[in-house]
Each structure stands twice: as structure tokens, then as C-alpha cells.
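Reader: I have a few "why" and "how do you know" questions about the structure below. Could you take me through them one by one?

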Amino acid sequence: MATEPKTRKPNAAFMKPLTPSEILGAVIGKDPLPRTEATKKIWEYIKKHDLQDPSNRRNINADDKLKPLFEKDQVSMFELTKILSKHLS
């Protein structure tokens, strides 16, 4: 008898809609959305505006909209989650 594969249930904490701060809202919109969607939208913005550093793709260069969010000219992709967490409530 074959058993059905278990499907993973998404973690409810990840799916809880969070409200972006004014600064983050200027980039991804002001509507509440789950943390995963906020991350996806910020990456869409980064790719659309070609903000990954060409010499090191792990770094993201800030444009005028991202500079207030990052508080510096460049951040690594690993800092991005921490920055987003500060701007979601």
C-alpha cells in the first residue's frame, strides 16, 4: 500500500500580514503583507532597478528610495532580512 507524501503546512508566523514602515512602504507599498511577500517585493525592486553590485552580486547598492531603508550606500543580501524585520510590525 502506497502512502501519500506529507505536504508541508506553511508556518502561520510567516503568513501573518505585517504593516511596512513609512520608509519600507515607499518601496514595496503600504498594504500589510506577510514577511515572505515583503522579501519577495524588495527583491523584485532590486532586480528591476539593477541594484545588485556587478562585481559582487551578494551586495545591493542603495538608490534614492533604498538609502533611507538601508541607512548606508550598500548592504549585503544577508543584512537584508534584518533590515526588513526592523521595518515590519
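**Reasons behind the labels**

Author: Happily, and let's begin with a residue in the middle range: Lys40 is partly exposed, with a relative accessible area of 46%. Please keep in mind that the model is predicted.

Reader: Why is Lys40 called partly exposed?

Author: Buried means under 20% relative accessible area and exposed means over 50%. Lys40 has 46%, a value in between, so the label is partly exposed. This residue is found in helix α3. Its C-alpha atom is separated by 9.5 Å from that of Ile28, and the two are 12 residues apart along the chain.

Reader: And what makes Pro68 partly exposed?

Author: The reasoning is the same kind of step. The relative accessible area of Pro68 is 41%, and partly exposed is the class between 20% and 50%. Pro68 has its place in helix α4. From Pro68 to Gly29 the distance is 15 Å, C-alpha to C-alpha, with their positions 39 residues apart in sequence.

Reader: How do you know whether Leu24 is buried or exposed?

Author: Leu24 has 0% relative accessibility, and buried means under 20%, so Leu24 counts as buried. It is found in helix α2. Beyond its neighbours within four places in sequence, Leu24 is in contact with Gly29, Ile42, Leu69, Leu84, His87 and Leu88. Leu24 and Trp43 are 13 Å apart, C-alpha to C-alpha, and 19 residues apart in sequence.

Reader: Which class does Asn59 fall into, and why?

Author: Asn59 counts as buried, because its relative accessibility is 17% and the cut-off for buried is under 20%. Asn59 sits in strand β1, which covers residues 59-61. With neighbours up to four places away in sequence left aside, its contacts are Leu51, Gln52, Asp53, Gln74, Val75 and Ser76.

Reader: What makes the chain more spread out than a compact globule?

Author: Let's start with what the chain holds: 5 helices and 2 strands, in the order α-α-α-β-α-β-α from the N terminus. The globule rule gives 12 Å for 89 residues, whereas the radius of gyration of this chain is 16 Å, so the chain is more spread out than a compact globule. Along the principal axes, the C-alpha trace spans about 60 × 30 × 20 Å.

Reader: How much of the chain counts as buried, and how much surface is exposed?

Author: Of the 89 residues, 34% count as buried. The chain exposes about 6,600 Å², and 54% of this is supplied by carbon and sulfur atoms. Among contacts with a separation of 6 or more, residues 24 or more positions apart account for 28%.

Reader: Which residues touch the most other members of the largest nonpolar core?

Author: Those are Ile42, Ile46, Ile60, Leu66 and Phe70, in a core of 21 residues. At least two core residues come from each of α2 (22-28), α3 (35-48), α4 (67-70) and α5 (77-86). Helix α3 gives the most, with 5 residues. For a closer look at one member, Leu66 touches Val27, Ile42, Tyr45, Ile46, Leu51 and Asn61, not counting residues up to four places away in sequence.

Reader: Why do you single out the phi of Asp50?

Author: Most residues other than glycine have a negative phi. Asp50 is not a glycine, yet its phi is positive, at about 50°. Its place is the loop between α3 and β1. With 59% relative accessibility, Asp50 counts as exposed, because exposed means over 50%.

Reader: What is the phi of Glu71, and how do you know whether this residue is buried or exposed?

Author: Phi of Glu71 is near 65°, again a positive value in a residue other than glycine. Glu71 counts as exposed, because its relative accessibility is 63% and the cut-off for exposed is over 50%. Glu71 lies in the loop between α4 and β2 (74-76). The C-alpha atoms of Glu71 and Thr36 are separated by 22 Å, and these residues are 35 apart along the chain.

Reader: One last item: where do the charges stand on average?

Author: The chain has 17 positive and 12 negative charges, and their mean positions are 7 Å apart.

Terms used:
Residues are numbered from 1 along each chain as its sequence is written. This is a predicted model: local features need pLDDT of at least 70, side-chain atom pairs count only at pLDDT 80 or more; totals for chains, interfaces and linings use all residues. Side-chain values use heavy atoms; hydrogens and water are left out. Helices (H or I, at least four residues) and strands (E, at least two) are DSSP runs, numbered from the N terminus. Buried means under 20% relative accessible area, exposed over 50%, partly exposed in between (1.4 Å probe, protein chains only). Contact means heavy atoms within 4.5 Å. The radius of gyration is taken over C-alpha atoms; the globule rule is 2.2 Å times the number of residues to the power 0.38. Accessible areas come from the Shrake-Rupley method with a 1.4 Å probe; for residues, only the protein chains shown count as cover. Lys and Arg count as positive and Asp and Glu as negative; His and the chain ends are not counted. The place of a charge is taken as NZ of Lys, CZ of Arg, CG of Asp or CD of Glu. A nonpolar core is a set of buried Ala, Val, Leu, Ile, Met, Phe, Trp, Tyr and Cys residues joined through side-chain atoms within 4.5 Å.
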